[in-house]
Amino acid sequence: HEAPTPAAHEERRRLFAQEAKAMARLSHPNIVRLLDFGGHEGTAYLVTELLDRKRTLKNEVRARATTGKPVEPWEVKSIVMQIVSGLEAAHNESIIHRDIKPENIILQVAPGHPDFVRILDFGLAKFVDERSHTQSLLGTPMYMAPEQMEGRHIGPWTDLYALGVIAYELMTGYRPFPNDAATILRAKRNPESPQITTIKQVASSDRRFIQCICCAIMPAAAER
């Protein structure tokens, strides 16, 4: 790819500063705070708060699997609702995460709360190294909504889709789609997805929560 023109480079720097300032205004207990931002030798950087007594949701699920202690449905709902709360605050500021996945969900031990959620890397997926000139798709295919994989218009509904995939994975113990680039989009585009049937069969007294997960992983954004 050709290097960006000075004008294009300056425009990207302006957009980076504009979006970083918007993220810095985000003040929500379930979002990791942005403390500073800037650039060095053509590379943009963000400085966030340091977290202690933490583990990622991915590592937590892996540890539970090793010990044979699954994440209980009430724990899943607690984690998901905290993520929803953080996303709502960001979406109200017109900020879309774009890369919600278990690695970006931090669980902290807080007073009276062993699984306090902190959402990491808000907006980082939008900030691409200027020197790479990459045009690659930003996000993680397993958790990306169909419209994001196809490069179409994204919005709050895109983050909700990723959260739905996480909730499905936590409730059933496995991922809802094949981890194969050649077939994953086709599977996600299937309106008669067998994943919907599977999640509906999960033993849970909270049927409304199960229905919310079903809605979140619907192919059409308007149905989420």
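**Exercise 1. Strand 4 and strand 5**

Identify the bridge partner of Ile106 in strand 5, and describe how strand 4 and strand 5 are joined.

*Solution.* In this predicted model, Ile106 has Arg118 as its bridge partner in strand 5. A further step along the pairing shows Ile105 opposite Ile119 of strand 5. Counting the bridges between strand 4 (residues 105–110) and strand 5 gives five, and the two strands run antiparallel. Turning to the connection, one finds a hairpin with two residues between the strands, where Gly112 in the turn has a positive phi of about 75 degrees.

**Exercise 2. The open sheet**

Determine the order of the strands in the three-stranded open sheet, and explain why one side of strand 3 and of strand 5 is left without a neighbour in the sheet.

*Solution.* The order is 3-4-5, with antiparallel pairing. Strand 3 (54–56) and strand 5 (113–119) are at the edges and have a single partner strand each, so each of them has one side without a neighbour in the sheet. Direction ignored, neighbouring strands here are turned against each other by 30 degrees on average. For the pairing of strand 3 with strand 4, three bridges are found, again in the antiparallel sense, and Lys54 stands opposite Gln108 of strand 4.

**Exercise 3. Helices on the sheet**

State which strands of the sheet are touched by helix 2 and which by helix 3, taking contact as heavy atoms within 4.5 Å.

*Solution.* Helix 2 packs on the sheet through strand 3, strand 4 and strand 5, and its direction makes about 85 degrees with that of strand 3. Helix 3 (residues 73–92) also packs on the sheet, where it touches strand 4 and strand 5, and its direction makes about 35 degrees with that of strand 5.

**Exercise 4. Strand 1, strand 2 and an aromatic pair**

Describe the pairing of strand 1 with strand 2, and then classify the aromatic pair formed by Phe16 and Phe37.

*Solution.* Strand 1 and strand 2 (residues 43–48) run antiparallel and are joined by six bridges. Opposite positions include Leu34 with Thr48 of strand 2 and His40 with Thr43 of strand 2. The two strands form a hairpin with two residues between them, and Glu41 in the turn has a positive phi of about 50 degrees.

For the aromatic part, the count of aromatic pairs comes to two. Phe16 and Phe37 lie 6.0 Å apart centre to centre, with 75 degrees between the planes, and the pair is edge-to-face, because plane angles over 60 degrees fall in that class. Phe16 belongs to helix 1 (residues 6–24) and Phe37 to strand 1 (residues 34–40), 21 residues apart, and the pair thus links distant parts of the chain.

**Exercise 5. The second largest pocket**

Characterise the second largest pocket by its volume, by the source of its lining and by the residue classes present.

*Solution.* The volume of the second largest pocket is about 430 Å³. Its lining holds 22 residues, of which Val61, Arg62, Glu169, Leu170 and Gly173 are closest to the centre. Helix 2 (57–67) and helix 5 (156–172) each contribute at least two lining residues, and the largest share, six residues, comes from helix 2. Sorted by class, the lining comprises 12 nonpolar, three polar and seven charged residues.

Technical notes: Residues numbered from 1 in each chain as written. Predicted model: local features only at pLDDT ≥ 70, side-chain atom pairs only at ≥ 80, totals over all residues. Heavy atoms only, no water. 1 Å grid on protein atoms, 1.4 Å probe; cavity = no way out; pocket = protein on both sides within 12 Å on 5 of 7 lines; lining within 4 Å. Points joined across faces, edges and corners; volume = space filled by probe spheres on them. Helix = DSSP H or I, 4+ residues; strand = E, 2+ residues; numbered from the N terminus. Nonpolar A, V, L, I, M, F, W, Y, C, P; charged D, E, K, R; others polar. Pairing = 2+ DSSP bridges. Axes fitted to C-alpha atoms, helices over the stretch in contact; angles between N-to-C directions. Contact = heavy atoms within 4.5 Å. Phe/Tyr/Trp six-rings, centres within 6.5 Å; stacked < 30°, edge-to-face > 60°.
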